[in-house]
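Student: I'm new to this one, and I'd like a close look at a single part of it. Could you walk me through one strand, its partners and the charged contacts in that area?

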Amino acid sequence: MNFRTMRWAVMLLSGLITTPVLGATMLQCVPYARIVSGVQIYGDALTWWDQAENHYRRGHTPRRGAVLAFRPAGPMVLGHVAVVSKVLDDRRVLIRHANWSVPGAIEEDVLAIDVSDAGDWSEVRVWHSPTNQMGARINPAFGFIYPDKPQLRAFRPDPALGDSVRLASADVRADDPDEEQAAPPRKTRAASQPRLTVDMRAIHFADAAPSARSLGDIIADVKRDSALR
């Protein structure tokens, strides 16, 4: 077998091996954020902050429609991007994003909190829908990318972008006539409030607790708690 024949055989075999994987791809945060925010940046999430320079304004103040760009850290090897859907105060916003709590899952209007000492959104905790509580991990972030014309756009599932499922959704559109409507307004507001059931006192306590704890310390605490029960 000559080199050219061998090369084509390898390419064919590679295609057969990767086809099932490509067919099972999940919705990523980047196409979701691009569609919802209208920010026309492509490439991995970790590159968005630098790509935005000279194209979009950037800052550290949350605004509706802005893209919150996370730095790569831990399991976020490629970074992450989310779209601000509502500003609650300087330290709390609701966000819409994909591929966070569960691969491919869409979470709409869930809580994100700035826990940085400087109040510049450089460290963020994010709602974890499967457990219905704030995530314990503190995530480093670059800041916010502001679109030229802030507007939340509807996201409709597209097989070309990968499989997706909605884990959380809240109706904040009734007070927001500028938002594109993906569906008729819901009949009631009681069952569609933003996911804010977390006890804020617990968050403040967790944020004030020492963060430099080793895995051994955590295991020791768990064993001690178990022994006391």
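Tutor: Here is a walk along one strand, its partners and some salt bridges.

First, some ground rules: this is a predicted model, where local features need pLDDT of at least 70 and side-chain atom pairs count only at pLDDT 80 or more, while totals for chains, interfaces and linings use all residues. Residues are numbered from 1 along each chain as its sequence is written, and side-chain values use heavy atoms, with hydrogens and water left out.

Our strand is β3, residues 80-87. Helices (H or I, at least four residues) and strands (E, at least two) are DSSP runs, numbered from the N terminus. Strand β3 is mostly covered, with 6 of its 8 residues buried. Buried means under 20% relative accessible area, exposed means over 50%, and partly exposed is in between (1.4 Å probe, protein chains only).

Now for the partners. Two strands count as paired if DSSP finds at least two bridges between them. Strand β2, residues 67-70, runs antiparallel to β3 and is joined to it by 4 bridges; there, Val67 stands opposite Val83 of β3. Strand β4, residues 92-98, also runs antiparallel to β3, again with 4 bridges. In that pairing Val87 faces Val93 of β4, and a hairpin of 4 residues carries the chain from β3 to β4. As background, side chains in a regular strand alternate between the two faces of the sheet.

On to the charges. A salt bridge here is a side-chain nitrogen of Lys or Arg within 4 Å of a carboxyl oxygen of Asp or Glu, and the whole structure has 4 of them. One of these joins Arg92 and Asp89, 2.9 Å from N to O. Arg92 counts as partly exposed because its relative accessibility is 23%, and Asp89 gets that label because its value is 30%.

Another salt bridge pairs Arg96 with Asp109 at 2.7 Å, N to O. This pair links distant parts of the chain, since Arg96 sits in β4 and Asp109 in strand β5 (residues 105-114), 13 residues apart. Both Arg96 and Asp109 are buried.

Strand β5 also takes part in a salt bridge between Glu108 and Arg166, 2.4 Å from N to O. Glu108 lies in β5 and Arg166 in strand β9 (residues 165-168), so this contact ties together parts 58 residues apart in sequence. Glu108 is buried, because its relative accessible area is 12%, whereas Arg166, at 36%, is partly exposed.
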